[in-house]
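Biologist: I would like a close look at a single part of this model, with the rest of the fold as background. Please go through it step by step, and keep it brisk.

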Amino acid sequence: MDPRRDHLSRRDVGRAAEALAARFLESRGHLVLARNLRVGRGEIDILAEIDGERAVVEVRSRRGAPDARSPDPLEAFDAAKARQVRKLAGSPTVRASRVDLITVRFHRAGVDLLWLPCAG
């Protein structure tokens, strides 16, 4: 599956971004505990153990070249989304001590991935 193709749905692009983010974390020696974890009415993209801490990792993705016409995936992690993810992270079943953000941009030249530890 090539997430840069126009015919893919947003869901397909999101799934590809989450898979890439999970592989990225694992390649750095971190343990992915769960993906797409339902918590009440919400969902955690990735629950991981990073440097001995439980972390909720929110994944935001976009298609298109990184220019003025294409929105930055960072813009999708606004204050309201950060509050929502922090609330899920603090739930009794999750008990994560931090919220990280990974952004993934798929474009013709390749894929850009940015990891922001403790972003939320």
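Modeller: Two strands count as paired here if DSSP finds at least two bridges between them. Keep that rule in mind, and remember that this is a predicted model. The part I pick is the pairing of β4 with β5.

Strand β4 covers residues 98–107. Its pairing with β5 is antiparallel and runs over seven bridges. Within it, Val 104 faces Leu 113 of β5. The link from β4 to β5 is a hairpin, and two residues make the connection.

Now place that pair in the fold. The protein contains two helices and five strands. Along the sequence they come in the pattern α-β-β-β-α-β-β. The five strands form an open sheet, ordered β1-β2-β3-β4-β5, and the pairing is mixed. β5 (110–116) is at one edge, and β1 (31–39) is at an edge too. Each of these two has a single partner strand, so one side of each lacks a neighbour in the sheet. On average, neighbouring strands of the sheet are turned by 30 degrees against each other, direction ignored.

Next, the helices. Helix α1 is made of residues 10–27 and lies across β1, β2 (42–50), β3 (53–63), β4 and β5. It runs at about 120 degrees to β4. Helix α2, residues 79–89, also packs on the sheet. The strands α2 touches are β1, β2, β3 and β4. Its direction and that of β3 make an angle of about 145 degrees.

Back to β4, at Arg 98. This residue belongs to strand β4. Is Arg 98 buried or exposed? Its relative accessible area is 8%, and the cut-off for buried is under 20%, so Arg 98 counts as buried. Its side chain has a polar contact, at 2.7 Å, with the side chain of Asp 100. Leave out residues up to four places away in sequence, and Arg 98 still touches a list of others. The list holds Ile 50, Asp 51, Glu 53, Arg 54, Ala 55 and Val 56. It also holds Trp 115, Pro 117 and Cys 118.

Trp 115 leads to the next stop. How many aromatic pairs does a search of the whole structure find? The answer is one. Phe 24 and Trp 115 make up the pair, in an edge-to-face arrangement. The ring centres are 5.7 Å apart, and the planes meet at 80 degrees. Phe 24 sits in helix α1 and Trp 115 in strand β5. The two are 91 residues apart, so to speak distant parts of the chain, and the pair links them. Phe 24 is buried, because its relative accessibility of 16% is under the 20% cut-off. Trp 115 has a relative accessible area of 22%, so it counts as partly exposed.

Then follow the chain past β5. Cys 118, a contact of Arg 98, lies in the segment after β5. Its relative accessible area is 53%, which makes it exposed, because the cut-off for exposed is over 50%. Most residues other than glycine have a negative phi. Cys 118 has a positive phi, near 55 degrees. Asn 36 is not a glycine either, and its phi is positive at about 50 degrees. Asn 36 is in strand β1. It is partly exposed, at 32% relative accessibility.

Gly 120 lies in the segment after β5 as well. At 34% relative accessibility it is partly exposed. Which residues does Gly 120 contact, leaving aside neighbours within four places in sequence? They are Phe 77, Arg 86 and Val 99. Arg 86 is 34 residues away along the chain, yet the C-alpha atoms of Gly 120 and Arg 86 are separated by 6.7 Å.

Last, the whole protein. It has 120 residues, and 43% of them count as buried. Take the contacts with a separation of 6 or more: 52% of them involve residues 24 or more positions apart. The accessible surface is about 7100 Å², and carbon and sulfur atoms contribute 48% of that.

Note on methods
Residues numbered from 1 in each chain as written. Predicted model: local features only at pLDDT ≥ 70, side-chain atom pairs only at ≥ 80, totals over all residues. Heavy atoms only, no water. Helix = DSSP H or I, 4+ residues; strand = E, 2+ residues; numbered from the N terminus. Axes fitted to C-alpha atoms, helices over the stretch in contact; angles between N-to-C directions. Contact = heavy atoms within 4.5 Å. Buried < 20%, exposed > 50% of the residue type's maximum accessible area, 1.4 Å probe, protein only. Polar contact = N/O pair within 3.5 Å; in protein donor to acceptor, adjacent residues only side chain to side chain. Phe/Tyr/Trp six-rings, centres within 6.5 Å; stacked < 30°, edge-to-face > 60°. Areas by Shrake-Rupley, 256 points an atom, 1.4 Å probe, with all protein chains shown as cover.
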